[in-house]
Structure formats: structure tokens, C-alpha cells
Amino acid sequence: MSPIVIADKVGQTYSISRGAFRPTADLKAVQEASFEVSAGETLAIVGESGCGKSTLARMLTMIETPTSGTLTIDGIDVATAGAAELKRLRSTVQIVFQNPYGSLNPRQKVGAIIEEPLKINTDLSAAERRAKAEKLLAEVGLRPEHYNRYPHMFSGGQRQRIAVARAIALEPKILVLDEPVSALDVSIQAQILNLLADLQERLGLTYIFISHDLSVVRHVADRVMVMYLGRPIEIAPVETLYTDPQHPYTRALLAATPAARPGQRGERAKLVGELPSPFNPPKGCAFNPRCPFADERTRTERPTLKRHGKTMVACFAVEEGRLPPPSPREHAEA
Amino acid sequence: MSLLSIRNLSVTFRTASGPFKAVDGVDISVEPGEVLGIVGESGSGKSVAMLGLMGLLPPTATVTADEIAFQGRDLRGLSRRERRKIIGKDMAMIFQEPIASLNPCFTVGQQIGETLREHLGLDKAARRERTLELLRKVGIPEPERRMRAFPHQLSGGMSQRVMIAMAIACEPKLLIADEPTTALDVTIQAQILDLLLDLQRERGMAMILITHDMGVIAETANRVVVQYAGTQVERQQVVDLFDEPRHPYTAALLAAMPERARGGRLPTIPGVVPGQGDRPTGCLFNPRCPKADERCRTVQPPRQPRELGEALCHYPLGADPRRPEDIPPGFGPDGLAGFEGGARPSDITPDMRGAAR
Ligand SMILES: Nc1ncnc2c1ncn2[C@@H]1O[C@H](COP(=O)(O)OP(=O)(O)OP(=O)(O)O)[C@@H](O)[C@H]1O
Ligand SMILES: Nc1ncnc2c1ncn2[C@@H]1O[C@H](COP(=O)(O)OP(=O)(O)O)[C@@H](O)[C@H]1O
Ligand code: SF4
Ligand code: SF4
Ligand SMILES: [Mg+2]
Ligand SMILES: [Mg+2]
């Protein structure tokens, strides 16, 4: 089956003004992101705050156009697509944002919120839209009487259901979920994750699931892409990533994830420092200032994604075979 | 003698729609050097209880308690001034939102310096020296430069470190950390938790760690209090709590962790924490509890003995006294079966409380 999303060296560069008398600076939020997503699968994108996950999400949903590379969605190159094709593509890909409080218009009733995309993109009559909205409410586990209520009358988890209902209104093929459960308590998080799993099964959706929570990702993803400072540095099937992580950064991320039971965590490999400024990324491998395996080569030359078993990984130490085998922690309960 | 001993702490807010008891009958004791975890969903009164202890609630709040003793000294009835002498020095707190709790108008150095001046009376040179030492201690690179930074110039992780530096400036005996890592990335979270635990071990400092993350509890706490809708529903040693939860709510929280999930669907807890308008009668958890029966809906549950996790429950797990035929269908006498499958999403709206019964 051919992939539904093909990203080939996709990049997004912002010009940032740094005050009246200084030249603008380039901020490379995403660089040379190459990956594919197959129809019906869940690709998770993980990485620290500021590594470019949301920027990638905005390109995938065509809120922003890539400043470099080619992005092909459902067979159409987004940069060269005509108006009609773009319109179709926009309903093919929908997004659910992290913040269930900020992403819904507080002055609109739930019904209007869900019908908005239908109003803009279809020529359904008011009655048809209403019928559809009520069906969508049921689909996400809300009730018909919620149609006339305002978002502030709902809990965080329910608002996220409303956001999901709106996102599936146009019967998209792809849902981009940008931290859909990060703001929710664990019990509510479980409800939303179950809902997403149900919808995927029923509607055959493709998910691009952005998260920094590796326990959630392990539960939902088929494949995982780890990003660091704007670039993908490891892409692997989910089980491979958790049991046989390659890139030193992936290993550090896994080690930093809290254990599921007391006493389970051993001494963790500490990841020192923070994500460097994207204005002046380190030379060579962007991870080298924090990497215990950095050497002369990695400080000057930049590794690119190479195949290593089932994994694609960008690291010279892996290529040179000088990385010790991973010590995978028992991450989930057996 | 316990370092901190609180008995029957309650907090009631005066609101437009009548009084609201956000914290109800909370007991806390902390021994020197111990890490006590308080866990619960948002809105369960974790922050309000601690702010009540610190005397940091707005005037609309009424705080009552049978005892609030710190190092044997009763804090009730102390004047604001006397309380201030203790708070910030021997007992310090880190807040949920680091950026919001730093003063935007002063540099990092000025803010830490002020704490040192107020509580330790250090002179200017000594303050500078100690500030640099503290910033280094909490892992801030280039402390000389960061001292002159304003809060908005720092990342989330950096501001949390500054908060910690400020909180440990006077070497407190008790540190209360309210969701210290909730706003942070896992990598930074791990760094901050390690830092807190290092400080705790090195100085024998006691810590109350508030979180809604069971994983964080598993990694850090010695003893755990589970809080629900203002009440403490279970109190256990951490290992026992994870191995043998006694309150159905604790069991449900554990079961909902994705890392503990076995199959495709996660077990869920239907409904939400009740707020001001919808507090049920009987057990506060009964609308969401699959084990609830008529008694749970009408009679407030008793506090069980220590061997049963001091659970606030009529029918604690592992010791449900009901005859098997009287236990709501679908559940064994002690079983968690009800949480195993998870509810259908369409079962989960507040209007349908009790659907799980
Ligand atoms: N519109 C914009 N203009 C300028 N810079 C931007 C813009 N959007 C994002 N950036 C910058 O690009 C980088 C990547 O940001 P992005 O929001 O994609 O990160 P993220 O991985 O989603 O982080 P988080 O986990 O915090 O959501 C950051 O350095 C950010 O400050
Ligand atoms: N100033 C206030 N006035 C009225 N109610 C409040 C106030 N502050 C908090 N509450 C309520 O008290 C309850 C407990 O809040 P909080 O302690 O912040 O929960 P947690 O920290 O466990 O998430 C919530 O229902 C909250 O809405
Ligand atoms: S390329 Fe070098 S610096 Fe980069 S991750 Fe691999 S070993 Fe570390
Ligand atoms: S008292 Fe009843 S409703 Fe409350 S937790 Fe126990 S079994 Fe459930
Ligand atoms: Mg983002
Ligand atoms: Mg709180």
C-alpha cells in the first residue's frame, strides 16, 4: 500500500525580528524531515518542548506551507496543488489541539462549533447539518442535549470530545493529534485514548499522534518518530523503539520516563542540560553537547538517517558500531 | 515527634452559590527525612490543603483544624508575622506554576537575595556568594549571568530550578512541592525530581510531593495519601499501595495508567470528580464506583484500619464483607474486574453517573 503522507526533506524556517536596528534571524523550526505514514496506522512524534512537533503538525494540516522540501498528502503535492485540490486536502486532514480550554470558541454553542466545518466546506442544509452534528456527538460519547450548551459547561475531557467531533465532521482520512491528552487527568486521558482507538477502528483513520509522554505513545502508536531540535533522529516500529532504542537521545528519553511501579527504576542515565537554542544549533550532530558518546567526528559532521535493522537512526556511534547495547528498562508491566 | 502533624484540617470557601468545602478532614503527619506523596485528580483539594497549611489562601477561605503542629509548635493562632518566620525558612513551598510565582519585576538574584536577607540576615557579599552557590546546586549553567536574568527570560525548567533554589535557600526541614514537574518535559522532570531527591537525602530534608502522576509517586514517595474530592480515601506505604490498593479509587487510578495496561483498551473511571454543585450523599466516590450499593449511596463510609490502607470505604478491596450474591453483578468479592474492561466511551457523561453500576 502506498503511503498516505510522504515528507521529503520538509523544512520550516521562520524569520524572526530581533528589534528595530538588528537584522532578522532565521529560526529553523523543522529541517530535512523525511518520513512516510501508511493509511490506517498511528505514527507518534515525540521529543522535548520546542523540537518542532507542532510546527510539523501545522505543515501537515496545511496551516503553514513548508519553506523547503516536498510534502505529499493523499497523492497531492501541497506546494503545487490547485485551489480545488487544496480544498479537498483540507478536509482530508484535520487537527485536534492540546489545550481543550483554549481551542474552542467560548461564545459558540457546541452545535455551532461542530457544524462550522460543515458550513464552510459542504452545502448541507441547516437541518442536515444539525442531524450530522447530533450523530457526531453520539459518536464521541456525548449526548444530543449537549448540542445547545456552551463549552465552559464541560470538563476538560468532554471538551476534548467536542474537539474530536469537530475534527471528524468532514470525514477526514488523517487526524493530526497535537498532545490530545497532555492536559488531562489519567482517568480522563484513558477515556479519550479509548475513544480515539474506537474511532480509528470504525472509520479507518490515520493518526499522527504528537506527545511527549512515552507511556501514552507506547500504548497508541504503531511507529514512533523521535525528533531533536527540528530533525527526526530515530524512526522505528513501536516495540523496537522501546526494547531496542538506538539513538542516545531516545535512550535518555526512555530512561527519563517514570516507572509504573515503585522500585522499578534503576539508576537512570541522566540527560544533562536543556535543548539548545534553535537560533544557533550546535555544529555537527545537534545532540553532541549532551551526548556521552560524542567524539571529534560528531562535533563537526552531521549524521543523517540510516537504516539499522528495523530502525532508521541518525547517529555516527550507531553507524560505527561503538554504541553499547541498550539496557532497555522493563517499561510496561509484563 | 513528627516534624509536621495535621489533624482534621478542613477548608471551606465562601462562594456566590453558598459555602464549598474543598478540603474535608485531612490528616497529615510527616517524619523528618521522609517523602510523603499526595496524589489525586485535579480539583481534589491537594493544593488548597497545602495553601491552607501555609496560610496562603484568600480571605474567602475558612481553615479549621484540631491540630497543626510543626516541630511541636502549634501554628494555629500564630500571627501572620510569626508564621512568616517559620514559613520560607524551616518550611518552604514550590508552586505548581513556576513562572507565575516568581515576581516579574525583580531579577533572579534579587529574589533569592531577598529570602536570604529576610530569614538569615546575610549581608550583601554573603548573599551574592550564597545565591551563586544555590544556583550552581540546582544545576543552572552560568549562574553569574542567570543571576541578572528576569523570570520571563528563563525556560520552564530554569524557572522551576530558580524556585527550588529559593525554597532551599534557608535549608528548610520540610519542603512542600506542589506539582513541581507537571508543566515540564519528561527529561527536565527527571532532572528536577533527581535534584529534589538528592537534596532530600543529602540534608535529611522531609518532603511533601503533590502530583496527579502515579509514575512520579512510584519513583519518589515513601508513603502515599490518595485524595478524592477533598477527602483522604487511602493512606499506605508506597509499595503496598501499588501492590494492594484497598480503595476502589486508588485501584482505578492505577489501572488507568497506560504503562500498566495489558490490552488495547484502557480501563477508565466513568464521570468526573464532583464539584461544588454535585457532591453526592454517602460515599463521595459512589457515582463512579462499580462496587457501590445502596449503603454507599446513603451512608458515609468509615475509616478502615491500617491493614486495609486506612481506606475510606464500606467495602475495601480484599476485605469486602458482603455475601458474593450481594455484590453488584460483574465483580468478584474483591476483584477489580470492573476496571479491567473499561467503560464504553458512550457510557461516560456526567449525566449518566452510575451507568457502570
Ligand atoms: N510562528 C513562529 N514564529 C517563530 N518561531 C516559531 C513559530 N512557531 C514555532 N516557532 C519556534 O520553532 C521551534 C519549534 O516549535 P514547536 O511549537 O513546533 O515545538 P513543539 O515541539 O511543538 O514544542 P511543545 O512540546 O512545547 O509543544 C521553537 O523554537 C519555537 O519557538
Ligand atoms: N479561591 C477559591 N474559591 C473557591 N473555590 C476554590 C478556590 N480555590 C480552589 N477552589 C476549589 O477547591 C477545589 C480544590 O482545588 P485544588 O486544591 O486547586 O485542587 P488540586 O490541587 O487537587 O487540583 C476545586 O474544586 C477548586 O475549584
Ligand atoms: S552522532 Fe555522536 S553526538 Fe550525535 S548522538 Fe550519535 S554519538 Fe551522540
Ligand atoms: S464506599 Fe462504596 S462507593 Fe465508596 S468507594 Fe467504597 S465501595 Fe465504592
Ligand atoms: Mg507543541
Ligand atoms: Mg493543584
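Modeller: Buried area is the accessible area that two parts lose on being put together, summed over both. The model discussed here is predicted.

Biologist: What share of the area buried between chain B and chain A do carbon and sulfur atoms give?

Modeller: The contact draws 48 residues from chain A and 54 from chain B. Between the two chains about 4,000 Å² is buried. Of the area that chain B buries against chain A, B:Val186, B:Glu219 and B:Glu259 supply 16%, more than any other three residues. The share from carbon and sulfur atoms is 51%.

Biologist: Which element gives the largest share of the side of chain B that touches chain A?

Modeller: Nine residue pairs are in polar contact between the chains, both residues at pLDDT 80 or more. On the side of chain B that touches chain A, the elements giving two or more residues are helices H7 (156-167), H8 (186-203), H9 (214-220) and H10 (238-243) of chain B. The largest share, nine residues, comes from H8(B).

Biologist: Which residue forms a salt bridge with B:Asp243?

Modeller: Two salt bridges are counted between chain B and chain A. In one of them the closest N and O atoms are 3.5 Å apart, within the 4 Å cut-off. The partner of B:Asp243 is A:Arg261.

Biologist: How much of the area that ligand 2 exposes when taken alone does the protein bury?

Modeller: An oxygen atom of ligand 2 lies 2.8 Å from a backbone N or O atom of B:Lys46. A side-chain N or O atom of B:Ser47 is 2.7 Å from an oxygen atom of ligand 2. Of the 560 Å² that ligand 2 exposes alone, the protein buries 66%.

Note on methods. Residues numbered from 1 in each chain as written. Chains lettered and ligands numbered in written order. Predicted model: local features only at pLDDT ≥ 70, side-chain atom pairs only at ≥ 80, totals over all residues. Heavy atoms only, no water. Polar contact = N/O pair within 3.5 Å; in protein donor to acceptor, adjacent residues only side chain to side chain. Areas by Shrake-Rupley, 256 points an atom, 1.4 Å probe, with all protein chains shown as cover. Contact = heavy atoms within 4.5 Å. Buried area = accessible area lost by both parts, 1.4 Å probe. Salt bridge = Lys/Arg side-chain N within 4 Å of Asp/Glu carboxyl O. Helix = DSSP H or I, 4+ residues; strand = E, 2+ residues; numbered from the N terminus.
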